[in-house]
Amino acid sequence: MSKDINAAFAGISGVHVTPYDQRGEIDEKLLRTIVDRIAAAGIHNIVTGGNTGEFYAQDLDEVTRVYELAVEANAGRSCVTAGIGRSAREAIKLAAAAKKAGVDALMIHQPVDPFCSARLVVDYVRQIADSTDLPIIAYARSPLLLPEHFARMAEIPNVIGVKYAVPDPIRLAESIRATKGQAFQWICGLAESWALPFYACGARGFTSGLVNVNPELSLRFYRALEEGDQNKARALVDAIADFEIMRTYEANGANVTVVKEALVQMGFPVGPVRAPGVVALNAAQREKLALLLNEWRQLSLE
């Protein structure tokens, strides 16, 4: 391992969007620009092929190309983690492609199978982990995953932690307790909004889609967390809150749409979101977002 991936996961894991051109194809030049901007800001870990990158709306060749472009654009500045998933066989193929592209770590997406057993998620993670020597973070979104499941994951040698994306600090605290004494990292997978309570439970680091739009704001929040300045951290969460609330529209269907619309308003023509995500915001939502971006510009002057 050439980079300190543990330290990177304890920082900000920024998930980049995937821009599309007018034909709906990946805009490679603009993708490089998006990743370069995140790396130049000093974000610790760049996640490529994540949910904010529309992983599930792309075929495997597209996902593989996104890995290659992200590694190239990062040019060794930050750690790069590749999201992998779908069937175990596809995830194993993607893990090999990501390693060939030169990523530093893998993140296994939560299986989306409607008949998924929480108990068997551990076996799914183990099967993929056995196919690679890259360090792995498991992405946990299901409230059905219990502390004992995470204790079993922590026994898999190259699974170094969990991106926890269940809004349940009590369950998080129980799960952290279940892996106590093991070299196992817990990362807030619900962005800046939930990082404060998750830090109180023992998590470190958080994922962020905000870094596509305003990486400096995310870094300010991270520094407040690390310095234990809760008043400042809470004030920054308040400043970010409306942006994150907008991303929850239509049961999170607008999650990526809000990020992409903000980028468009900033002069980055990243194109629409692919269905089944919300393709575009309506006029009132775009106006609300424009007002918020203007408020952030004032905030940056303070």
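# Exercises on a predicted model

We'll warm up with E62, which sits in helix α3, residues 60-74. Keep in mind that this is a predicted model.

**Exercise 1. Work out whether E62 is buried or exposed, and find which residues it touches.**

Solution, step by step:
- Start with the accessibility: E62 comes out at 14% relative accessibility.
- Compare that with the cut-off, where buried means under 20%. So E62 counts as buried.
- Now list the contacts, skipping residues up to four places away in sequence: E62 touches E25, I26, A57 and R274.

**Exercise 2. Find which residues the UniProt annotation "active site" covers, and how they are placed in space and relative to the largest pocket.**

Solution, step by step:
- Look up the record: the unreviewed UniProt entry puts its "active site" annotation on Y139 and K163.
- Check the spacing next. The two are spread over 25 residues of sequence, yet they cluster in space, with a largest C-alpha distance of 4.7 Å.
- Then turn to the pocket: the lining of the largest pocket includes both Y139 and K163.

**Exercise 3. Place Y139 and K163 in their strands, decide whether each is buried or exposed, and list their contacts.**

Solution, step by step:
- Strands: Y139 belongs to strand β5, residues 136-140, while K163 belongs to strand β6, residues 159-164.
- Burial of Y139: its relative accessibility is 7%, so Y139 counts as buried.
- Burial of K163: here too the value is 7%, so K163 gets the label buried.
- Contacts of Y139, leaving aside neighbours within four places in sequence: N51, M107, I108, H109, Q110, K163 and A165. Notice that K163 is on that list.
- Contacts of K163, with neighbours within four places left aside again: M107, I137, A138, Y139, A140, I187, G189 and T207.
- Put the two lists side by side and you'll spot M107 in both.

**Exercise 4. Describe the setting of L225 and say how far it is from P276 in sequence and in space.**

Solution, step by step:
- Element first: L225 is part of helix α9, which covers residues 215-226.
- With 9% relative accessibility, L225 counts as buried.
- Beyond residues up to four places away in sequence, L225 touches A195, L196, Y199 and F206.
- Finally, the distance: L225 and P276 are 51 residues apart in sequence, and C-alpha to C-alpha they are 35 Å apart in space.

How values were computed. Residues are numbered from 1 along each chain as its sequence is written. This is a predicted model: local features need pLDDT of at least 70, side-chain atom pairs count only at pLDDT 80 or more; totals for chains, interfaces and linings use all residues. Side-chain values use heavy atoms; hydrogens and water are left out. Helices (H or I, at least four residues) and strands (E, at least two) are DSSP runs, numbered from the N terminus. Buried means under 20% relative accessible area, exposed over 50%, partly exposed in between (1.4 Å probe, protein chains only). Contact means heavy atoms within 4.5 Å. UniProt positions are given in the numbering used here, feature names are shortened, and annotations may be inferred rather than shown by experiment. On a 1 Å grid over the protein atoms alone, a cavity is a set of points where a 1.4 Å probe fits but cannot get out, and a pocket is an open set with protein on both sides within 12 Å along at least five of seven lines; lining residues have an atom within 4 Å of a point.
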